[in-house]
Amino acid sequence: MKIFHTADWHLGKLVQGVSMTEDQAYILQQFINEIKIEKPDVIIIAGDLYDRSVPPTEAIQLLNKTLKQILIDEKTPIVAIAGNHDSATRLNFGSDLMKASGLHLVGHLENDIEPVILEDEFGEVHFYLVPFAEPSTVRILFEDDSITTHEAAMAKIIEHIKGKLDPTKRNIIVGHAFITKDGMPELNTSDSERKLTIGGTECINSALFEPFCYTALGHLHQAHFVANETIQYSGSPLKYSESEVTHKKGFLMLELAQDGTVTVEKKLFVPKREMRIVKGVLDDILQHQKSDDYVFVKLEDDGYVKGASELVRTVYPNALHIERVAVFAQMDQQSATMNRVQMDDSELFELFYCEMTGKELTADIKEIYTSVLQQLLENEREKQEV
């Protein structure tokens, strides 16, 4: 079976206030062209189809057009799940009706997870679709008060799946989560993807996925495997932040053999506009060839330059952010080594507390703050579903 694995489209995404819809449409047309050439048996979309729970009209129209091309024009089935950016309720609407067209889309997690069964010349392939869900949701669904972390929630879900898993079939799981080797905390691959929780409890042990011949993941924006090549993040199809400028964006093409072994090939996209970092003094930058690329400009001038933004945009009209790096070099060492853009809310609070009081944050206060912030985060997601 030939499978395309993609995720984290984030349709409707704004980067520094600039809409990515035109660029997303350009990339998705490349994806359609690859489907026409390679003729996969199924497409996996592992969450975050949209960038927010209430997407703009143009994002909805782009998704509708893309799914129509895949399902109707190319007659290629899709298995997809909701991610943490999606509205599970909106994606779940009409899902039973859409199955007739080959769209198997799961928005809400259910306590009775049945596989989507597709076939190739070697027999059945079972796809288990696990959309993003808060630990509190899993705790209620399975009536297990011990579930307080994302790892415990995923362990419960997989325990349930294993009860009906047919070891004679080829089994694939699709998820949207932060999977790491041994469940140890790691840095996120991008600062454009918000953390799922506060305090490191989002990490899930990759060993949980051993029963599956392939684990198709979304959430992290850089394509990579975890522990072994059967557990893969496809990454996002476009660069969505300064931290992603070195990423190679694309999707994964899989060949699933009769015995369940998987070979993975990464297929790269060519963006309409590249995203990169430009450094130098203003006079040198103004000598660059004009470019429509999305750029983050680091001005190395020692003194203030009047009208720098306007001048830079005569060369780079799509400059997303312009800053004088010399200013930051003059800051004290502690502040200079901290990139506040990449900090989560808990880390920002700890830095704020230290700066305001001159004292380090105690473990007791940090625990209280983390608990309150996590509850607010879950409440915010619940409100988005209303």
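I looked up lysine 249 and glutamate 244 to begin with, and I noted that lysine 249 is buried and that glutamate 244 is buried as well. Their side chains meet in a salt bridge, with 2.9 Å from N to O. I keep in mind that this is a predicted model.

Next I turned to lysine 298, whose side chain forms a salt bridge with that of glutamate 323 at 2.7 Å, N to O. Lysine 298 sits in strand β18 (residues 294–299) while glutamate 323 sits in strand β19 (residues 319–324), so this pair ties together parts that lie 25 residues apart in sequence. I also checked whether lysine 298 is buried or exposed. With a relative accessible area of 9%, lysine 298 is buried, because the cut-off for buried is under 20%.

I then looked up lysine 13, and found that its side chain and that of aspartate 51 meet in a salt bridge of 3.7 Å, N to O. This pair links distant parts of the chain, since lysine 13 belongs to the loop between β1 (2–6) and β2 (14–15), and aspartate 51 to the loop between β4 (42–46) and α2 (57–73), 38 residues apart. Lysine 13 has a relative accessible area of 9% and is therefore buried, and aspartate 51, at 10% relative accessibility, counts as buried too.

Finally, I asked myself how many salt bridges the structure holds. I noted 20 salt bridges in the structure. I also wrote down a network of salt bridges that links Lys2, Glu34, Glu38, Glu255 and Lys267. As a reminder to myself, side chains of opposite charge can pair when their charged atoms come close.

Definitions and conventions
Residues are numbered from 1 along each chain as its sequence is written. This is a predicted model: local features need pLDDT of at least 70, side-chain atom pairs count only at pLDDT 80 or more; totals for chains, interfaces and linings use all residues. Side-chain values use heavy atoms; hydrogens and water are left out. A salt bridge is a side-chain nitrogen of Lys or Arg within 4 Å of a carboxyl oxygen of Asp or Glu. Helices (H or I, at least four residues) and strands (E, at least two) are DSSP runs, numbered from the N terminus. Buried means under 20% relative accessible area, exposed over 50%, partly exposed in between (1.4 Å probe, protein chains only).
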